Amino acid sequence: MPIPYSLALYAGGEILDMISQSGPVAKAVLFILLAFSILSWAIIVSKWNLMRRARTQSGRFVRAFRKAQR
């Protein structure tokens with residue numbers, strides 16, 4: 001099992017070397033991409049929580065609606 005771990009460390013080291021050797025414009029682009037990626041994941045998680053709450057409230061409403069006489 002040490003082979004995949006050392007391979008992952010080597011690949012991670014290559015990526016960090018590539019970033020450290022890149023110019024300021026490339027670093028700015030990577031930073032912008034990282035920021036928007038984090039923002040998009042935050043929106044995804046927020047919408048997932050919203051949909052979960054809506055599904056719960058919808059179930060409560062359907063149960064109350066079916067129990068009602070008219």
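## Leu30 and the nonpolar patch

User: Hi! Leu30 caught my eye. Is Leu30 buried, exposed or partly exposed?
Analyst: Leu30 counts as partly exposed, because its relative accessibility is 40%, which lies between the 20% and 50% cut-offs. Do keep in mind that this is a predicted model.

User: Thanks. Where does Leu30 sit?
Analyst: You'll find Leu30 in helix 2.

User: And how far apart are the C-alpha atoms of Leu30 and Ile19?
Analyst: The separation is 8.8 Å, and the two residues are eleven apart along the chain.

User: Which residues form the nonpolar patch on the surface?
Analyst: Leu30 and Ile19 both belong to it, together with Ile15, Leu16, Met18, Val25, Val29 and Leu33. Their combined accessible area is about 770 Å².

User: Which elements give two or more residues to that patch?
Analyst: Those are helix 1, covering 2–21, and helix 2, covering 24–67.

User: What about Ile15, where is it found?
Analyst: Ile15 is in helix 1. With a relative accessible area of 46%, Ile15 falls between the cut-offs of 20% and 50%, so it is partly exposed.

User: Switching topic: how many helices and strands does the protein have?
Analyst: There are two helices and zero strands.

User: What share of the residues is buried?
Analyst: Of the 70 residues in the protein, 0% are buried.

User: Last one: how much area does the protein expose, and what part comes from carbon and sulfur?
Analyst: The protein exposes about 6900 Å², with 71% of that supplied by carbon and sulfur atoms.

Conventions
Residues numbered from 1 in each chain as written. Predicted model: local features only at pLDDT ≥ 70, side-chain atom pairs only at ≥ 80, totals over all residues. Heavy atoms only, no water. Patch = residues over 30% accessible without salt bridge, like charges linked within 9 Å, V, L, I, M, F, W, Y side chains within 5 Å. Areas by Shrake-Rupley, 256 points an atom, 1.4 Å probe, with all protein chains shown as cover. Salt bridge = Lys/Arg side-chain N within 4 Å of Asp/Glu carboxyl O. Helix = DSSP H or I, 4+ residues; strand = E, 2+ residues; numbered from the N terminus. Buried < 20%, exposed > 50% of the residue type's maximum accessible area, 1.4 Å probe, protein only.
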